[in-house]
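User: I would like to learn how to read the features of a protein model, one at a time. Could you take me through this one, giving the general idea and then the case at hand?

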Amino acid sequence: MATKAPTFTQPLQSVVALEGSAATFEAHISGFPVPEVSWYRDGQVLSAATLPGVQISFSDGRAKVVIPAVTAAYSGRYTVQATNGSGQATSTAELLVTAETAPPNFSQRLQSTTARQGSQVRLDVRVTGIPTPVVKFYRDGVEIQSSPDFQILQEGDLYSLIIAEAYPEDSGTYSVNATNSVGRATSTAELLIQGEEEAVPAKKTKTIVSTAQISETRQARIEKLFFFNKSEAFSLT
């Protein structure tokens, strides 16, 4: 397999956390060979020794930092760096710790959509809240997990579900739940994927003769027959 420099398929996102609550940074990384991952806070190496209680992990391309209980001292710029023999990539985001709270609120809600079979579909919402809400997408009540077919992206307060190639079976009721420690909000919309139109065979045409036409034709035949018989009668006498 050819080598590939590290890239972020999902970069870090800034977090607003309530003082005393948990804060999580997560990035999705691809590359071959599997990159080595390092974390930094305000330019300094981040570890359990430099930031007590921090949990750092990297598995299946997901690099994660979890701080179980943040205080104002944890605020700052967090950077993850991925490195292998083919290159290096970094992603940076902010952690803001606050004592204020606000329940989730949709500044942009889901919109019902109709699309053609085989097209790409994108469903977007914008949601805010303090602490930063956990946002999940659902179809007909079943949570959607991010995958190559159903990609879930976040960019600031914009959350997107991208269906790479939609089919009629993807039609249904889609919803987004946003939850934090002080509340919950939901937005719902319908998605209709129209399949290819089936060809309708042409109907055979029928010639319809009216009753009046039948009567006129029948009368003409009777008159002709009567005239023929009458002529024969004259010739025999």
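User: Where does Asn177 sit, and is Asn177 buried or exposed?

Analyst: A residue is best placed by its secondary-structure element and then by how much of its surface remains accessible. In this predicted model, Asn177 belongs to strand E17, and Asn177 counts as buried because its relative accessibility of 11% falls under the 20% limit.

User: Which side chain makes a polar contact with that of Asn177, and which residues does Asn177 touch?

Analyst: For a buried polar residue, one looks for a polar partner and then for the wider surroundings. The side chains of Asn177 and Thr186 are joined by a polar contact of 2.9 Å. Leaving out residues up to four places away in sequence, Asn177 touches Val134, Val135, Lys136, Tyr138, Arg184, Ala185 and Thr186.

User: Which strand is joined to E17 by six bridges, and in what order do the strands of the sheet lie?

Analyst: A sheet is read pair by pair, and the pairs are then assembled into an order. Strand E13, residues 134-139, runs antiparallel to strand E17, residues 172-180, and six bridges join them; within this pairing, Phe137 has Val176 of E17 as its bridge partner. Both strands belong to an open sheet of five strands with mixed pairing, in the order E11-E18-E17-E13-E14. Its edge strands are E11 (113-116) and E14 (142-143), each of which pairs on one side only.

User: How many residues lie between the strands of the hairpin formed by E15 and E16?

Analyst: A hairpin is read from its two strands and from the turn that links them. Strand E15 (residues 150-155) and strand E16 (residues 158-163) pair in the antiparallel sense over six bridges, and Ile152 has Leu161 in E16 as its bridge partner. Two residues lie between the strands, and Gly156 in the turn has a positive phi of about 65°.

User: How is strand E3 paired, with E1 and with E7?

Analyst: Here the useful habit is to name each partner strand and then one pair of facing residues. Strand E1 (residues 4-10) runs antiparallel to E3 and is joined to it by four bridges, with Gln10 standing opposite His28 in E3. E3 and E7 also run antiparallel, joined by six bridges, and Thr24 stands opposite Val66 in E7.

User: Which residues have the most contacts inside the largest nonpolar core, and which strands supply at least two residues of this core?

Analyst: In soluble globular proteins, nonpolar side chains tend to be buried together. The largest nonpolar core in this model has 24 residues, and those with the most contacts inside it are Phe25, Trp39, Ile67, Val70, Tyr78 and Leu95. Strands E2 (15-18), E3 (23-32), E7 (62-67), E8 (76-84) and E9 (87-98) each supply at least two residues of this core. A second, separate core has 22 residues, including Leu110, Val125, Leu161 and Ile193. To see one member of the largest core in its surroundings, take Ile67, which, neighbours within four places in sequence aside, is in contact with Ser21, Ala22, Ala23, Leu51, Val54, Tyr74, Tyr78 and Leu95.

User: How many aromatic pairs does the structure hold, and why is the pair of Phe25 and Tyr78 called stacked?

Analyst: An aromatic pair is judged by the distance between ring centres and by the angle between ring planes. The structure holds one such pair. The ring centres of Phe25 and Tyr78 are 4.8 Å apart and the planes stand at 25°, which is under the 30 degrees limit, so the pair is stacked. Phe25 in strand E3 and Tyr78 in strand E8 are 53 residues apart, and the pair therefore links distant parts of the chain. Phe25 is buried, with a relative accessible area of 1%, and Tyr78 is likewise buried, at 0% relative accessibility.

User: What is the class of Phe58 by relative accessibility, and which residues does Phe58 touch?

Analyst: Burial is a graded reading, and an intermediate case deserves the same care. Phe58, found in strand E6 (residues 55-59), counts as partly exposed at 31% relative accessibility. Not counting residues up to four places away in sequence, Phe58 touches Ile29, Val34, Pro35, Val37 and Ala63. The C-alpha atoms of Phe58 and Pro35 are separated by 9.9 Å, with their positions 23 residues apart along the chain taken as the separation.

User: What do the totals for the protein come to, in secondary structure and in buried residues?

Analyst: Totals are best read last, once the local features are familiar. The secondary structure comes to one helix and 18 strands, and buried residues make up 32% of the 237 residues.

Note on methods. Residues numbered from 1 in each chain as written. Predicted model: local features only at pLDDT ≥ 70, side-chain atom pairs only at ≥ 80, totals over all residues. Heavy atoms only, no water. Buried < 20%, exposed > 50% of the residue type's maximum accessible area, 1.4 Å probe, protein only. Pairing = 2+ DSSP bridges. Core = buried A, V, L, I, M, F, W, Y, C linked by side-chain atoms within 4.5 Å. Contact = heavy atoms within 4.5 Å. Phe/Tyr/Trp six-rings, centres within 6.5 Å; stacked < 30°, edge-to-face > 60°. Polar contact = N/O pair within 3.5 Å; in protein donor to acceptor, adjacent residues only side chain to side chain.
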